[in-house]
Amino acid sequence: MQTLGKFFAALCALLFIMSSVVVLLLFNIERKAFSSETYKQAFANQGLYQRIPAMLASILSSSIAQNPNAIPLLRALRVEDWQTSISTLLPPEELRAMSDSALDATFDYLNGKTDSAVISLAPVKTHLAGESGLQVVRQFLSLQPPCTPEQLSQMALGLLGGQIALCNPPEQAIGLMAPIIQAQLEGMTTLIPNEIAFIPGTASNTPSDPRLKLKAVRSAIKLTPFIPVLLLFGIAAFALRTLREWLIWWGWPIMIAGVISALIALIGSPVIGWILQLLIQNQGTIFIPAVLAASLGETTSAVARQMLAPVVLEGFILAVAGLGMIVVSLFISKQTRYPNPFENQF
């Protein structure tokens, strides 16, 4: 019977080691993967803020293409044109502020704090109505075919205000029409929405809400720490009779689990990053726009290092605690037993 008990205790110890390693990894990944601060730091470390114009351009182009009331000039702008325009319009600090706002909105949505994710276009509108807007129009028109005399006449009568052909006027004409362009730009900004939803809330709080499964998975991960605890109690139930046995049977599994966890955290970030990248590429577009998922996918190596940093410390603490228990057990007599409150009662 004693041999059978030790067999089950050893099985619990083995399962404790495996489950502890998995729990430490999953628990820290879940905690860090759904925080916008994790990705802000990764964006800064990898210089991805420079790619924000491309991400905003894709979002703006898609939104305007779906709006039948959009101004002809805006509908004519391609994603590449929007990217160039945003880079011209917004200084780097405002681009970073907009991208941080988009990341905050994305993770507020994923964490269930909001039912959609929106991004403010106020900075774009402000700069579009100013000198930067005039530069954008000039850049865009310079890419068009040369204007015919009829197009020049039409442009002079109502530039940007109606259904006109877009063309490249002579430099002298642009200079003369600059006040008209400026006035039309100011009017055009009133037709641009103050914000757009890049993650719509149409499916939120419905059975088709894609966050429901994600919430269930995250809830299950948060419960996983109870598994190693239960296995420790299993070891105690099957094999522990003395204080020395308790220190040995708990000390070795705890120390081994800590060492393995710390080693995986130190050398496993490329593997964890690769797994995260696959998950974002294959599943991320269910929740967020493809262009944003692609940008987040590029941060996985930096994000993995941030996720695993706490695992190194936690694994070290477990290893030291387990080693301490083993050392203490060496100084305890084999005859030492737990005090039995029922002894001498019968």
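Start with helix α1, which supplies the largest share of the nonpolar patch: 7 residues. A quick note before you click: you're looking at a predicted model, where local features need pLDDT of at least 70, side-chain atom pairs count only at pLDDT 80 or more, and totals for chains, interfaces and linings use all residues. Residues are numbered from 1 along each chain as its sequence is written, and side-chain values use heavy atoms, with hydrogens and water left out.

**Stop 1: the nonpolar patch**

Select L4, F7, F8, L11, L14, L15, M18 and F238, and show them as a surface. Together they make a nonpolar surface patch of about 720 Å². To join such a patch, a residue needs over 30% relative accessible area and no salt bridge; nonpolar side chains (Val, Leu, Ile, Met, Phe, Trp, Tyr) are joined within 5 Å, while like charges are joined within 9 Å. The areas come from the Shrake-Rupley method with a 1.4 Å probe, and for residues only the protein chains shown count as cover.

Now pick L4, which sits in helix α1. Is L4 buried, partly exposed or exposed? Its relative accessibility is 46%, so L4 counts as partly exposed. The cut-offs are under 20% relative accessible area for buried and over 50% for exposed, with partly exposed in between (1.4 Å probe, protein chains only).

**Stop 2: the whole chain**

Zoom out and colour by secondary structure. The protein chain has 16 helices and 2 strands. These are DSSP runs numbered from the N terminus: helices are H or I with at least four residues, strands are E with at least two. Of the 346 residues in the chain, 43% are buried. The accessible surface comes to about 18,800 Å², and 65% of that belongs to carbon and sulfur atoms.

Next, think about who touches whom. Contact means heavy atoms within 4.5 Å. Among contacts between residues at least 6 apart in sequence, 79% join residues at least 24 apart.

**Stop 3: two residues with far-off partners**

Select V21, also in helix α1. With 9% relative accessibility, V21 counts as buried. Which residues does V21 touch, not counting those up to four places away in sequence? Look for A257, I260, S261 and I264. Then draw a C-alpha to C-alpha distance from V21 to A262: they are 9.0 Å apart in space but 241 residues apart in sequence.

Go to P228 in helix α12 (residues 226-239). P228 is buried too, at 7% relative accessible area. Leaving aside neighbours within four places in sequence, P228 is in contact with F16, S19, S20 and V23. P228 and I17 are 8.0 Å apart, C-alpha to C-alpha, yet 211 residues apart in sequence.

**Stop 4: salt bridges**

How many salt bridges does a search of the whole structure find? There are 5, each being a side-chain nitrogen of Lys or Arg within 4 Å of a carboxyl oxygen of Asp or Glu.

Show E30 and R218 as sticks: their side chains meet in a salt bridge of 2.7 Å, N to O. This pair ties together distant parts of the chain, with E30 in helix α1 (residues 2-33) and R218 in helix α11 (residues 211-223), 188 residues apart. Both E30 and R218 are buried.

Now select R211 and D115. They form a salt bridge whose closest N and O atoms are 3.5 Å apart. R211 is in helix α11, while D115 lies in the loop between α6 (92-110) and β1 (117-120), 96 residues away. R211 is buried at 8%, whereas D115 is partly exposed at 36%. Add D209 to the view: its side chain meets R211 in a salt bridge at 3.0 Å, N to O. D209 is buried at 7% relative accessibility.

Finally, highlight E37, K40 and D104, which are linked in a network of salt bridges.

**Stop 5: a helix with two sides**

Select helix α14 (residues 269-283). At 1.5 Å a residue, its 15 residues should span 21 Å, and its end C-alpha atoms are 20 Å apart, which agrees. That expected span is 1.5 Å times one less than the number of residues.

Colour its buried residues: S269, I272, G273, L276 and I280. Viewed down the axis of α14, they fall within an arc of 100°, so they line one face of the helix. The arc is taken from the directions from the helix axis to the C-beta atoms. An α-helix has 3.6 residues a turn, so residues three or four places apart point the same way. Spin round to the other side of α14, and you'll find P270, W274 and N282 exposed.
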